[in-house]
Amino acid sequence: MDVTIVLILLLIGALATYFSGNALASKVALFFSVAALGASLLILNQFNQGIDCGFSAVWMKNPNILFSLKVDGLSLAMVLLTTMLIPLIILSSFGNNFTNSKNFYALVLLMAFAMVGTFLASDGFLYYIFWEVSLIPIYFIALIWGNDDMAERRKAVIKFFIYTFVGSLFMLAAFIYMYQKAGSFQLDKLYALELSSKEEFWIFMAFFMAYAIKIPLIPFHTWQAAVYQKAPTVGTMLLSGIMLKMGLYSVIRWQLPIAPNAAKELQYTIIGLSIAGVIYGSIVALKQRDLKRLLAYSSLAHVGLIAAGCYTLTVDGLRGAVLQMIAHGFVIVGLFFAAEIIYRRYETRTINDMGGIRQQTPKFASMFMILVLASVALPGTFNFIGEFTVLYSLFTKNIAFAVLGGTTIILGAFYMLRMFQHVMLGKTNAKTFADVNLSEGIVMVVIIGFLLFFGLFPKPIIELITPSIQEILVHIK
């Protein structure tokens with residue numbers, strides 16, 4: 001069995017969901033997402049046995065394009081992140097009523113298909129196709145099923161679409177230029193290209209434009225908070241939990257090994273820019289009164305630190321970045337889902353309108369507290385492993401980077417705990433807060449269990465990703 005089975009299941013699932021009708025759409029989508037997760041775990045088992053699970057076939061002869069999928073520890077870790085989160089995201093939506101739900105859930109699975117393809121593709125043109133296809137479903141999910149005024153929502157979503165699409169065109173131009181020199185879009189051929197310093201610089205910057213917008217890094221972040229707020233919570237989870245990881249993953253897989261000398265030359269500048277995003281995101285989060293916007297800026301701060309780890313060009317930096325990508329994916333999905341649970345009962349996202357929830361449902365308050373503590377990298381949670389490793393890598397480069405990067409923990413603890421105090425504590429709210437139901441409880445418990453288990457035992461993930469990272473560093477060094 002090769003890895004195409006995961007893509008096939010997600011694509012067939014999207015079609016089956018669409019044709020199943022609105023009444024069954026959510027259940028059909030959940031079934032196929034779980035099937036894709038099962039297939040991913042089987043691929044992991046084969047990979048651990050030394051079986052090559054990749055796939056390659058000629059797609060076009062002129063130009064020379066292959067439908068080529070690479071399975072190594074890095075790509076497999078990101079595929080598993082996607083296929084584990086998608087069932088949780090779908091299950092989390094069972095408390096919502098979406099009009100034309102067959103369209104909604106079909107788009108969710110189509111987006112999952114494109115994101116998995118992006119993580120697996122080892123042909124630059126195929127990678128670009130998957131990259132762009134992933135943008136289409138989230139555009140419609142946010143636009144059609146989003147929150148608040150339609151005019152404001154359309155403005156935010158179109159800005160996001162234009163930003164990311166234009167950034168991707170720079171990346172496409174870089175691929176076309178490299179194809180002229182290599183005669184192929186294949187990853188290993190692009191790695192082997194001998195580029196001049198000038199060529200490397202412009203290729204590096206072309207990739208940077210695409211990835212800095214997707215992650216996002218400042219000053220390319222201006223689309224993020226509005227889209228996170230206006231999108232339905234499922235869309236926000238897809239964006240923050242998985243889609244932004246496409247940019248971070250691509251920095252490691254494509255940008256750094258293809259243009260290593262440019263990466264070394266611009267290293268300190270981009271690390272500084274990433275850390276500026278950490279500080280900016282944390283400060284702006286302090287001022288937020290809308291819960292989803294606060295979490296959006298919190299996410300901006302955390303991904304800034306992950307990006308800084310990527311550009312250290314060290315084993316610890318890249319490994320810590322990947323660990324934190326996975327940990328952040330789970331914790332941010334959990335936090336946005338907690339915000340959605342509150343919204344279902346109080347119909348508000350304004351923090352000042354909340355409070356006193358713990359007295360009505362201590363079980364939910366306890367789960368929310370664990371997610372908050374994981375978000376601020378409390379030792380014993382998976383987030384601590386990733387953030388500590390990244391900060392160590394920054395320390396080896398420059399102690400100032402580690403000190404400034406560490407503000408994400410200090411400021412994060414302040415605004416997240418203050419948010420928890422205002423949302424959960426205080427006098428009993430006049431509004432009744434019903435306890436979490438079965439589907440909500442399952443999602444929360446699975447996320448918390450993952451964060452706690454790998455916080456205490458991260459060895460399986462570290463052993464999975466480290467050989468791939470070391471292989472990539474050979475091309476960078």
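These notes cover the annotated domain, two pockets, two helices and two single residues of a predicted model.

1. **The annotated region.** An unreviewed UniProt entry gives residues 122-407 the annotation "domain: NADH:quinone oxidoreductase/Mrp antiporter transmembrane". In the model, this stretch is 81% helix and 0% strand. The C-alpha atoms at the two ends of residues 122-407 are 36 Å apart.

2. **Largest pocket: size and centre.** The largest pocket holds about 300 Å³ of space. Its lining is made up of 14 residues. Those nearest the centre are L44, L80, F454, I461 and L464.

3. **Largest pocket: which elements line it.** Five helices are listed as giving two or more residues to this lining: α2 (25-48), α3 (73-92), α14 (315-346), α20 (438-456) and α21 (459-476). Which of them gives the most? It is α3, with four residues.

4. **Largest pocket: chemistry.** The lining of the largest pocket has 13 nonpolar residues and one polar residue. It has no charged residues.

5. **Second largest pocket: size and centre.** The volume of the second largest pocket is about 200 Å³. This pocket is lined by 14 residues, and N96, F98, W145, N147 and P232 are the closest to its centre.

6. **Second largest pocket: which elements line it.** At least two lining residues come from each of α6 (135-145), α11 (233-258) and α14. The largest share belongs to α14, which supplies three residues. Helix α14 is also on the list for the largest pocket.

7. **Second largest pocket: chemistry.** Here the lining divides into six nonpolar, five polar and three charged residues. For the largest pocket, the matching figures are 13 nonpolar, one polar and no charged.

8. **Helix α7.** Does the length of α7 agree or disagree with the expected span? This helix runs over residues 150-182 and has 33 residues. At 1.5 Å a residue, α7 should span 48 Å. Its end C-alpha atoms are 47 Å apart, so the two values agree. Just after α7 comes G183, which takes a positive phi of about 75°.

9. **Helix α9: length.** The same check works for α9, residues 197-214. Its 18 residues should span 26 Å at 1.5 Å a residue. The end C-alpha atoms are 26 Å apart, which agrees.

10. **Helix α9: buried side.** The buried residues of α9 include the aromatic-ring residues F204, F207, F208 and Y211. Among the others are E199, E200 and K214. What do the buried residues of α9 pack against? The partners are α5 (124-133), α7, α11 and α12 (260-286).

11. **Q255.** This residue lies in helix α11. Is Q255 buried or exposed? Its relative accessible area is 0%, so Q255 is buried. Leaving aside neighbours within four places in sequence, Q255 is in contact with F204, F207, F208, Y211, S250 and Y311. Of these partners, F204, F207, F208 and Y211 are among the buried residues of α9. The contacts of Q255 thus illustrate the packing of α9 against α11.

12. **H422.** Helix α19 (residues 407-424) holds H422. Its relative accessibility is 38%, so H422 counts as partly exposed. Not counting residues up to four places away in sequence, H422 touches I351, M354 and G355. What separates H422 from N352 in sequence and in space? The two are 70 residues apart in sequence, and their C-alpha atoms are 6.9 Å apart.

Note on methods: Residues numbered from 1 in each chain as written. Predicted model: local features only at pLDDT ≥ 70, side-chain atom pairs only at ≥ 80, totals over all residues. Heavy atoms only, no water. 1 Å grid on protein atoms, 1.4 Å probe; cavity = no way out; pocket = protein on both sides within 12 Å on 5 of 7 lines; lining within 4 Å. Points joined across faces, edges and corners; volume = space filled by probe spheres on them. Nonpolar A, V, L, I, M, F, W, Y, C, P; charged D, E, K, R; others polar. UniProt positions renumbered as here; feature names shortened; annotations may be inferred. Expected span 1.5 Å × (residues − 1). Buried < 20%, exposed > 50% of the residue type's maximum accessible area, 1.4 Å probe, protein only. Contact = heavy atoms within 4.5 Å.
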